[in-house]
Amino acid sequence: MSEHLEMASKKKKQPNRKQPKQISFRVSESEYLNLERSAKVLNISVPAFVKKKAQGARVVAPKINPDDSKEMARQLAALGNNVNQLAKRVNQIEFADKNTQELISADLSRALNGLGEIWRQLT
């Protein structure tokens with residue numbers, strides 16, 4: 001029994017990571033401060049910033065700060081919901097002629113597509 005426990009304790013458990021390889025390197029204090037400043041502007045961690053740069057990614061600062069973008073995304077989602085509700089209501093109207101329904105539906109589709117484009121630019 002003790003042999004079984006001893007064998008089990010010698011087995012090293014490997015962590016289950018998506019990216020199992022690790023690279024470490026040292027930088028001077030001034031280099032780290034520059035990396036930290038750049039990462040802070042992008043609102044990401046220093047390791048994430050360094051990884052993106054090492055992969056050759058073009059890292060650009062967001063046009064909108066994260067708090068504002070979250071609020072804008074929330075408002076755009078609400079507008080999109082309203083447009084969808086309007087579209088549903090227009091399709092339920094029976095007394096409007098077919099041409100009027102199609103014109104309104106086309107306008108709503110354009111508005112929804114515009115909201116979608118703004119949403120894509122934010123994310």
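Here a colleague asks a modeller how the labels on this predicted model were reached.

Colleague: What should I know before I start?

Modeller: This is a predicted model, with residues numbered from 1 along each chain as its sequence is written. Local features need pLDDT of at least 70, side-chain atom pairs count only at pLDDT 80 or more, totals for chains, interfaces and linings use all residues, and side-chain values use heavy atoms, with hydrogens and water left out.

Colleague: How many helices and strands does the chain have, and what makes a helix here?

Modeller: Five helices and zero strands. Helices are DSSP runs of H or I with at least four residues, strands are E runs of at least two, and both are numbered from the N terminus. Read that way, the order is α-α-α-α-α.

Colleague: How do you know that the span of H2 agrees with its length?

Modeller: The expected span is 1.5 Å times one less than the number of residues. H2 has 14 residues and should therefore span 20 Å, and its end C-alpha atoms are 20 Å apart, so the two agree. Helix H4, residues 66–92, gets the same check: its 27 residues reach 39 Å from first C-alpha to last, close to the 39 Å expected.

Colleague: Why is leucine 42 called buried?

Modeller: Buried means under 20% relative accessible area, exposed means over 50%, and partly exposed is in between (1.4 Å probe, protein chains only). Leucine 42 has 13%, so it counts as buried. This residue lies in helix H2. Leaving aside neighbours within four places in sequence, leucine 42 is in contact (heavy atoms within 4.5 Å) with Phe49, Val59, Val60, Ala61 and Pro62. Its C-alpha and that of valine 59 are separated by 8.0 Å, though the two are 17 residues apart along the chain.

Colleague: And why is leucine 35 called partly exposed?

Modeller: Its relative accessible area is 22%, so it falls between the two cut-offs. Leucine 35 is also in helix H2. Not counting residues up to four places away, leucine 35 touches Val46, Phe49 and Val50. Valine 46 is eleven residues away in sequence and 6.4 Å away in space, C-alpha to C-alpha.

Colleague: What makes asparagine 43 exposed, and what is its phi?

Modeller: Asparagine 43 has 52% relative accessibility, so it counts as exposed. It is in the loop between H2 and H3. Its phi is near 60 degrees, a positive value in a residue other than glycine. Most residues other than glycine have a negative phi.

Colleague: Which residues of H4 are buried?

Modeller: Ser69, Ala73, Leu76, Gly80, Val83 and Val90. Over the 123 residues of the chain, buried ones make up 11%.

Colleague: What makes something a pocket rather than a cavity?

Modeller: We use a 1 Å grid over the protein atoms alone. A cavity is a set of points where a 1.4 Å probe fits but cannot get out, whereas a pocket is an open set with protein on both sides within 12 Å along at least five of seven lines. Lining residues have an atom within 4 Å of a point. The largest pocket is lined by 15 residues, with Ile23, Phe25, Pro47, Val50 and Lys51 nearest its centre. The elements giving two or more residues to that lining are helix H2 (29–42) and helix H3 (46–54). H3 gives the most, with five residues.
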